[in-house]
Amino acid sequence: MSGVAEPAPALLETRNVSKHYSAGAGLARSLARRPPEVLRAVDDVSVRIERGETLGLVGESGSGKSTLGRLVLQLEPPTSGDILYEGRSVLGRRARETRELRKRIQVVFQDPYSSLNPTMTVRQTLEEVLKVHRLAPAGSRRERVEELLETVGLAQGAADRKPHQFSGGQRQRIGIARALAVEPEFIVADEAVSALDVSVQAQVLNLMVKLQDELGLTYLFIAHNLAVMRHISRNVAVMYLGRIVEHSPTIDLFREPLHPYTQALMKAAPAPVARRKSITPALTGDMPNPISPPSGCHFHPRCPHAMDVCRSVYPATRVVQGRSVACHLYPEVEPPQPGI
Ligand code: SF4
């Protein structure tokens, strides 16, 4: 016996997960006998999310964060790697087990309006969810709908109104109520507050934090704005062109972002974030084409610190001050700390 205890399984874990799509496999390529181009939407991503935790996933549009969310929701399988729920792979499970697991993992989208049936009242929408999932007998559905609306802070009168009669923030509350109707334990919030005004954003974030406390929910919270992470996430993973470039407790990330891309995102964040010493300008240039990412560190064309090695070698992930960062600016082996 080694005497080293295995860590307890996380509620959800991705292990070296990749999702690649074939792109540009057209006639010209096949006549030229060139292999189809590959879009590496998610590339070798490993994260752990403990029960009751919120992991923030941040990056620009096209960074792969929503694709990772879709993999977690099992809307599509990964190309390689594994996804574990309570320590067991979600891949290759029987259909019935997969259906049960999908109930435990729900999603809240950026725009619930597009996923709400405009001809149905809120009551009809929620009652349908309860009926489809056999979560409440017909006689108690009305009561359960009222309970759900109260949980998300909507007045009882809301039940008999249709989606167009609500504001954006209220519609997002309906989206949350619909997710809660299935009694999930894990919620993927994909840009759930991105379309809302800042004051309404704060209200919805506060509601999500309250629900987490009361119901013990676990969140994967996806956003392009780093500032919102401060209010909801214990840990943040920063994605760039399909890879995690920095993974850190939120408090440390805001105190001192390590990766130049994170530093640039901080500067680009519209809401107030902590003042910090940084010599990195806000993001310049466009996100490169993910079908043909830059060689070496994918961020090097936009990075003010790029060195020769950055153009040819993708940086391995280093552990710096207990946080992980993929950048050649940091030594691969952290020097011993004084007193250790
Ligand atoms: Fe910049 Fe080089 Fe670090 Fe990439 S590896 S972020 S190019 S310094």
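The ligand in this predicted model sits in the largest cavity. Around the ligand there are 13 residues, and those that come nearest are Cys297, Cys303, Cys310, Cys327 and His328. Sorted by class, the shell around the ligand has 9 nonpolar residues and 4 polar ones, with no charged residues.

Now the sheets. As background, strands of a sheet pair through backbone hydrogen bonds, and the pairing is either parallel or antiparallel.

One open sheet has 8 strands, and if you trace across it the order is β6-β7-β8-β3-β9-β10-β12-β11, with mixed pairing. Which strands stand at the edges? They are β6, residues 105-108, and β11, residues 318-320; each has a single partner strand, so one side of each is left without a neighbour in the sheet. From one strand to the next, the twist averages 20°.

Helix α7, residues 168-181, packs on this sheet and touches β6 and β7, the latter being residues 186-190. The direction of α7 makes about 170° with that of β6. Helix α8, residues 198-215, lies across β3 (54-58), β7 and β8 (218-223). Relative to β8, helix α8 runs at about 160°.

Let me go through some pairings at the β11 end of the order. β11 and β12, residues 323-325, run antiparallel and are joined by 3 bridges. Within that pair, Val320 has Arg323 in β12 as its bridge partner. β12 is also joined to β10, by 2 bridges, and these two strands run antiparallel. There, Ser324 in β12 stands opposite His247.

β10, residues 243-249, in turn pairs with β9, residues 235-240, in the antiparallel sense over 6 bridges. Tyr240 stands opposite Arg243 in β10. How many residues lie between β9 and β10 in their hairpin? There are 2, and Leu241, in the turn, has a positive phi of about 45°.

There is also an open sheet of 4 strands, in the order β2-β1-β4-β5, with antiparallel pairing. Its edge strands are β2 (37-49) and β5 (88-89), each of which pairs on one side only. Further in, β1, residues 12-23, and β4, residues 80-85, run antiparallel with 5 bridges between them. Thr14 stands opposite Ile83 in β4.

Which helix packs on this sheet, touching β1, β2 and β4? That is α2, residues 65-72, and its direction makes about 115° with that of β1.

To recap: a ligand in the largest cavity, an open sheet of 8 strands with mixed pairing, and an open sheet of 4 strands with antiparallel pairing.

Key. Residues numbered from 1 in each chain as written. Predicted model: local features only at pLDDT ≥ 70, side-chain atom pairs only at ≥ 80, totals over all residues. Heavy atoms only, no water. Near = heavy atom within 4 Å. 1 Å grid on protein atoms, 1.4 Å probe; cavity = no way out; pocket = protein on both sides within 12 Å on 5 of 7 lines; lining within 4 Å. Sits in = over half its atoms within 2 Å of the grid points. Nonpolar A, V, L, I, M, F, W, Y, C, P; charged D, E, K, R; others polar. Pairing = 2+ DSSP bridges. Axes fitted to C-alpha atoms, helices over the stretch in contact; angles between N-to-C directions. Contact = heavy atoms within 4.5 Å.
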